[in-house]
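Trainee: Please take a close look at one small part of this model, then work outward from there. I would like one connected account.

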Amino acid sequence: MPHFHASTVSESIRFRRVSLTDNHRTMRPHFLPYVRGNPYQPMLLNALKQEGVEVQTEGSLKALVRQLRRNGQRPELVHLHWLPNAGHSPGRIARWLMFERRVSFLHRRGVPLVWTAHNLVPHESRTPSLDLWLTRRVVKLAGGIICHSAAARDEILERLRPDDVSRLKVIRH
């Protein structure tokens, strides 16, 4: 099974003004969503833990936004994994729109965002054009984008054309 080398993770994941490892404090990023049983996330969690990073896996984007609005408690960093798909039902589209609004709200409030580009469009997407729009939006807002391979990075560069390619980091696994 592939693994993450801790120094690769800590050196590769640098974001606008924020580093996951800091000599003065411990960063506590939120992984959203955290999917139990997925092999990628525990490997990354273990590598980050070796670097002294305390990853938060409980909670939701909705809860983080509510917390920020109610008491000003700002998350240090939000690490997005799988993006929702729009689908055809009104409820699914509403959840998809709320996801975009919440991510935009956190960005406007200065919360650093990171996205691991597992897929440019969810596998189960029935509305790939809409879902690609959301992916473009997240790419625009994220201070860091983690790609699984150079080929995935190249696909993002070709299809999404991010304005700052230095935000893309390849972490092989």
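**From one histidine outward**

Mentor: His-30 lies in strand β5, which covers residues 30–32. The model is a predicted one. The relative accessible area of His-30 is 15%, under the 20% cut-off, so the residue counts as buried. Leaving aside residues up to four places away in sequence, His-30 touches Gln-56, Glu-58, Leu-64, Pro-75, Leu-77, Val-78 and His-79.

His-30 is also one of the residues that line the second largest pocket, whose volume is about 150 Å³. Among the contacts of His-30, Gln-56, Glu-58, Leu-64 and Pro-75 belong to that lining too. The other lining residues are Arg-28, Gly-59, Ser-60, Gln-67, Gln-73, Arg-74 and Glu-76. Sorted by class, this lining holds 6 polar, 4 charged and 2 nonpolar residues.

At the other end of β5, the peptide bond from Leu-32 to Pro-33 is cis, with omega near -15 degrees. Most peptide bonds are trans. Pro-33 itself sits in the loop between β5 and α2 (40–50).

Pro-33 leads on to another pocket. The largest pocket has a volume of about 350 Å³. Its lining has 18 residues, and those closest to its centre are Pro-33, Leu-61, Trp-82, Pro-84 and Phe-99. The elements that give two or more residues to this lining are α3 and α4. Helix α4 supplies the largest share, 6 residues. By class, the lining of the largest pocket comprises 10 nonpolar, 4 polar and 4 charged residues.

Helix α4 has 19 residues, and its first and last C-alpha atoms are 27 Å apart, close to the 27 Å expected at 1.5 Å a residue. Phe-99, one of the residues closest to the centre of the largest pocket, is among the buried residues of α4. The others are Trp-96, Glu-100, Arg-102, Val-103, Ser-104, Phe-105 and Leu-106. The cover over these buried residues includes α3 (61–71), β6, β7 and α5. Just after α4, Gly-110 takes a positive phi of about 85 degrees.

Helix α5, part of the cover of α4, runs over residues 128–141. At 1.5 Å a residue its 14 residues should span 20 Å, and its end C-alpha atoms are 20 Å apart, so the two values agree. Buried in α5 are Asp-131, Leu-132, Leu-134, Thr-135, Val-138, Val-139 and Leu-141. They are covered by elements including β6 (78–80), α4 (90–108), β7 (113–116), β8 (144–147) and α6 (150–160). β6 thus appears in the cover of α5 and also in that of α4.

After α6 comes Arg-161, in the loop that leads to β9 (168–170). Its phi is near 50 degrees, a positive value in a residue other than glycine. Most residues other than glycine have a negative phi. Unlike the buried His-30, Arg-161 has a relative accessible area of 67%, over the 50% cut-off, and is therefore exposed.

As for the whole protein, there are 6 helices and 9 strands. Of its 173 residues, 46% are buried. Among contacts with a separation of 6 or more, 72% join residues 24 or more positions apart. The exposed surface is about 9500 Å², of which carbon and sulfur atoms supply 48%.

Technical notes. Residues are numbered from 1 along each chain as its sequence is written. This is a predicted model: local features need pLDDT of at least 70, side-chain atom pairs count only at pLDDT 80 or more; totals for chains, interfaces and linings use all residues. Side-chain values use heavy atoms; hydrogens and water are left out. Helices (H or I, at least four residues) and strands (E, at least two) are DSSP runs, numbered from the N terminus. The expected span of a helix is 1.5 Å times one less than its number of residues. Buried means under 20% relative accessible area, exposed over 50%, partly exposed in between (1.4 Å probe, protein chains only). Contact means heavy atoms within 4.5 Å. On a 1 Å grid over the protein atoms alone, a cavity is a set of points where a 1.4 Å probe fits but cannot get out, and a pocket is an open set with protein on both sides within 12 Å along at least five of seven lines; lining residues have an atom within 4 Å of a point. Grid points are joined across faces, edges and corners, and a volume is the space filled by probe spheres set on the points. Ala, Val, Leu, Ile, Met, Phe, Trp, Tyr, Cys and Pro count as nonpolar, Asp, Glu, Lys and Arg as charged, and the others, Gly among them, as polar. Accessible areas come from the Shrake-Rupley method with a 1.4 Å probe; for residues, only the protein chains shown count as cover.
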